[in-house]
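Biologist: I'd like to go through this one with you and hear the reasoning behind the labels. Can you pull it up?

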Amino acid sequence: MSLIYVVEDDANIREIEEYVLTSASYEVRSFETGADFRQALQEKTPDLVLLDVMLPDADGFEMVRELRENEATAGIAVIMVTAKTSEIDRVHGLDNGADDYLTKPFGVLELLSRVKALLRRANRPVPAKESAVTGILEIGGIRLDDRRHEVMVRGVLTELTLKEYEILKLLMKNAGHVVLREELFAEVWGDHFYGESRTLDTHIGTLRRKLGDEGQRIRTIRNVGYTMDRDLGAEA
């Protein structure tokens, strides 16, 4: 059973989140302040945190940075829950280390969907060349450092958009296996993506170009999905 910490100062919202998650068979502990949350982290590390941005005694963005900078908590999945709806606020949260961003008011089904999707991603088995502590993935000349949110291609820092980065990370984690188109949409865009199906293909094409020769590792499995080869020139 996954353990989820809810950090929310609004009692009504906190109770709703706790009720919905408990009803879905998750173990839940809720906290009104950042201080109580920090104390609980000393006792037990959760699998996921629903973190309000505006707490009476703490800044949610700063708390995410603290989690990512601490080796013991760097791997915790974080969904920021806030009334701030502007794009810059969402980007600020993601850039500081949040895995997802949920704006108030939200539906309980959306909350559950995002929690399930994030826990699925967090609970994937770690491949041989990935360090669960350092968050580093290496395949050929591609090196992805998830803690620094950096990608090096043959020793050169390569700038990727957030979506390109998440696609690459998902493919590298599942190297040698086909990742379905539906799974890529669910993990990178969320379970409620309603955009054009060509959106994924466009992102893959741009990602391949940015990776240079290493981009050949990403192969299209027609009408199914994509896979990343550990060896260049591998056959399907």
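Biologist: What makes H7 roughly perpendicular to H8?

Modeller: This is a predicted model, to begin with. In it, the axes of H7 (residues 181-189) and H8 (residues 198-211) cross at roughly 80° and come within 11 Å. Angles of 65 to 115 degrees count as roughly perpendicular, so H7 gets that label relative to H8.

Biologist: Which residues make the contact?

Modeller: From H7 you have Arg181, Leu184, Phe185 and Trp189, and from H8 there are Thr199, Leu200, Asp201 and His203. By type, the residues of this contact split into 4 nonpolar, 2 polar and 2 charged.

Biologist: Over to H1, then. How do you know that the span of helix H1 agrees with its number of residues?

Modeller: H1 covers residues 11-23, which is 13 residues. The expected span is 1.5 Å times one less than the number of residues, so H1 should span 18 Å, and its end C-alpha atoms are indeed 18 Å apart.

Biologist: And which residues of H1 are buried?

Modeller: Ile13, Arg14, Glu17, Val20 and Leu21.

Biologist: Why do you say they line one face of the helix?

Modeller: Look down the axis of H1: the buried residues fall within an arc of 140°, so they line one face. In general, an α-helix has 3.6 residues a turn, so residues three or four places apart point the same way. On the other side of H1, Asn12, Glu15 and Tyr19 are exposed.

Biologist: What makes you call H6 mostly covered?

Modeller: The count does: 9 of the 12 residues of H6 are buried, with buried meaning under 20% relative accessible area. Among the buried ones are Tyr165, Ile167 and Leu168, but also Glu164, Glu166 and Lys169. As for length, H6 (residues 162-173) reaches 16 Å from its first C-alpha to its last, close to the 16 Å expected.

Biologist: Now a single residue. Why does valine 153 count as buried?

Modeller: Its relative accessibility is 10% and the cut-off is under 20%, so valine 153 counts as buried. Valine 153 sits in strand E8 (residues 150-153). Leaving out residues up to four places away in sequence, valine 153 touches Gly141, Thr158, Leu211 and Glu214.

Biologist: How much of the whole chain is buried?

Modeller: Of its 236 residues, 47% count as buried. The secondary structure of the chain comes to 8 helices and 12 strands.

Note on methods:
Residues are numbered from 1 along each chain as its sequence is written. This is a predicted model: local features need pLDDT of at least 70, side-chain atom pairs count only at pLDDT 80 or more; totals for chains, interfaces and linings use all residues. Side-chain values use heavy atoms; hydrogens and water are left out. Axes are lines fitted to C-alpha atoms, for helices over the stretch in contact, and angles run from 0 to 180 degrees between N-to-C directions. Helices (H or I, at least four residues) and strands (E, at least two) are DSSP runs, numbered from the N terminus. Angles under 35 degrees count as roughly parallel, over 145 as roughly antiparallel, 65 to 115 as roughly perpendicular and the rest as oblique. Contact means heavy atoms within 4.5 Å. Ala, Val, Leu, Ile, Met, Phe, Trp, Tyr, Cys and Pro count as nonpolar, Asp, Glu, Lys and Arg as charged, and the others, Gly among them, as polar. Buried means under 20% relative accessible area, exposed over 50%, partly exposed in between (1.4 Å probe, protein chains only). The arc is that of the directions from the helix axis to the C-beta atoms.
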